[in-house]
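This briefing introduces the strands of one protein model and a few of its side chains. Please keep the sequence and the structure at hand while reading.

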Amino acid sequence: MTKANNRRKKRKGEKWKLGLGTAGILLTIFLVVLAVFHVRTIEVTGNLYLTEQEVRDMIISDTFSSNSLYLTWKYRNSETDNTLPSLSAVDITLLSPSHVRIHICEKKRIGYIKTEQQNVYFDKEGYIIECSGEEKEGIPEITGITIGTPVLYEKVSIEDPEILEEMIDLTKILDERSIIPGQIAFDEDNNMTLIFDKVTVELGTSEYLEEKITNLAGIFAHMEGLSGTLKMDDFTPDTKRIRFKQKEEVATPADAQPQSESDSDGTYYGDGSYYGDGTYYGDGSYYGDGTYYGDGSYYGDGTYYGDGSYYGDGTYYGEGSYYGDGTYYGDGSYYGDGTYYGDGSY
């Protein structure tokens with residue numbers, strides 16, 4: 001064996017020893033990382049519907065996810081994967097090598113349909129994100145619609161795709177306007193009705209749906225304390241008046257007839273106006289003990305117009321005329337105990 005061969009063998013042996021040593025060091029580092037950066041404490045924030053344990057089970061779902069460094073890297077862009085279809089975003093904060101904070105954004109449940117077995121909750125796209133026996137507050141129940149067998153994370157199964165689209169559109173618009181009825185009812189002709197605690201809103205068909213809800217949002221703030229039915233089924237963009245049939249309390253024994261409704265109690269206008277004990281217009285006008293118009297006019301003990309005219313104990317016109325104990329005209333004329341004309345005659 002030549003000296004050259006011995007040198008080559010020696011170099012190979014040294015390289016092998018160096019590689020083995022490097023591998024040993026890397027393995028040691030890896031084991032230290034596994035031991036030190038092992039998730040032991042988890043904080044959960046942002047959950048509304050899921051429990052903390054459900055969130056932990058969803059996020060720490062495999063061996064690698066139990067490593068805090070890997071976990072923060074995996075969700076570095078707050079993105080979710082197909083294994084988390086009920087979440088729209090996940091953010092992981094490393095508080096210490098063994099302590100992480102998980103902040104989640106859940107897909108919002110904007111409606112549910114009750115079946116014989118469970119309540120089927122869906123999101124704004126119509127996908128089923130929960131099936132449970134719970135009735136969660138702040139989520140409207142959809143009635144009058146029959147669905148097929150619900151499959152988690154798939155779209156609600158409704159035979160007529162048009163009804164599905166109308167249901168999704170309505171619940172989405174209501175959610176955007178922060179109008180949350182207790183129930184949304186569909187009848188056999190697909191007419192829609194919103195049922196609140198004391199007020200029922202008859203929307204009719206889906207025609208002009210967004211305009212209807214926009215007007216409802218302006219009206220709804222003025223309906224606190226009222227009880228009755230708001231008629232929006234014949235609404236169009238040109239509608240100026242919306243009837244409100246207010247329920248009247250009937251002084252009868254407890255087992256007697258229920259409350260009745262009256263057409264005369266109040267009329268709402270599509271611009272936000274309302275007629276009731278006091279009539280209100282969305283432009284600022286109001287009718288009550290004294291009638292007021294947003295342009296400055298007022299009717300009450302004394303009537304007042306925004307142009308300056310006033311009717312009361314004495315009537316006054318903004319152009320200068322005045323009627324009272326004595327009548328006065330802005331052109332200088334005056335009628336009272338004695339008549340006076342602006343041209344100087346009296």
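**Strand pairing and selected residues**

Met192 stands opposite Gly204 in strand β10. The model is predicted. The points below start from that pair of strands, go on to a three-stranded sheet and to a run of hairpins, and end with one glutamate and the cysteines.

**Strands β9, β10 and β11**

- Strand β9 covers residues 192-195 and strand β10 covers residues 199-204; the two run antiparallel and are joined by four bridges.
- Three residues lie between β9 and β10, and the two strands form a hairpin.
- β10 also pairs with strand β11 (residues 228-231), here in the parallel sense, over four bridges.
- Within this parallel pairing, Glu202 has Lys231 in β11 as its bridge partner.
- Helix α5, residues 209-220, belongs with β10 and β11 to a β-α-β unit, and this unit is left-handed.
- Strands of a sheet pair through backbone hydrogen bonds, and the pairing is either parallel or antiparallel.

**The sheet of β1, β3 and β2**

- Three strands make an open sheet in the order β1-β3-β2, and the pairing in this sheet is mixed.
- β1 (41-45) and β2 (87-96) are the edge strands; each has a single partner strand, so one side of each has no neighbour in the sheet.
- On average, neighbouring strands of this sheet are turned by 20 degrees against each other, with direction ignored.
- Eight bridges link β2 to strand β3 (residues 99-106), and this pairing is antiparallel.
- One residue pair in it is Leu94, which stands opposite Val100 in β3.

**The hairpins of β4, β5 and β6**

- Strand β4 (residues 111-114) pairs with β5 in the antiparallel sense, over four bridges.
- The connection from β4 to β5 is a hairpin through four residues.
- Gly111 has Phe122 in β5 as its bridge partner.
- β5 is also joined to strand β6 (residues 128-132) by four bridges, and these two strands run antiparallel.
- Phe122 stands opposite Ile128 in β6, so Phe122 has a partner there as well as in Gly111.
- β5 and β6 form a hairpin with five residues between them, and in its turn Gly126 has a positive phi of about 90 degrees.
- In a regular strand the side chains alternate between the two faces of the sheet.
- Strand β5 (residues 119-122) is covered on both faces: Asn119 and Tyr121 are buried on one side, Val120 and Phe122 on the other.

**Glu130**

- Where is Glu130 found? Glu130 is in strand β6.
- Is Glu130 buried or exposed? Its relative accessibility is 13%, and buried means under 20%, so Glu130 counts as buried.
- The side chain of Glu130 makes a polar contact with the side chain of Arg109 at 2.8 Å.
- A polar contact at 3.2 Å links the side chain of Glu130 to that of Lys136.
- Leaving out residues up to four places away in sequence, Glu130 touches Tyr49, Arg109, Asn119, Val120, Tyr121, Lys136 and Leu152.

**Cysteines**

- A disulfide is a covalent bond between the sulfur atoms of two cysteines.
- How many disulfides does a search of the whole structure find? The search finds zero.
- Cys105 has a relative accessibility of 34% and counts as partly exposed.
- Cys131 is partly exposed too, with a relative accessible area of 26%.

Methods
Residues are numbered from 1 along each chain as its sequence is written. This is a predicted model: local features need pLDDT of at least 70, side-chain atom pairs count only at pLDDT 80 or more; totals for chains, interfaces and linings use all residues. Side-chain values use heavy atoms; hydrogens and water are left out. Two strands pair if DSSP finds at least two bridges between them. A crossover is right-handed if, with the strands pointing away from the viewer, the path from the first strand over the helix to the second runs clockwise. Axes are lines fitted to C-alpha atoms, for helices over the stretch in contact, and angles run from 0 to 180 degrees between N-to-C directions. Buried means under 20% relative accessible area, exposed over 50%, partly exposed in between (1.4 Å probe, protein chains only). A polar contact is a pair of N or O atoms within 3.5 Å; within protein, one must be able to donate a hydrogen and the other to accept it, and residues adjacent in sequence count only if both atoms are side-chain atoms. Contact means heavy atoms within 4.5 Å. A disulfide is a pair of cysteine sulfur atoms within 2.5 Å.
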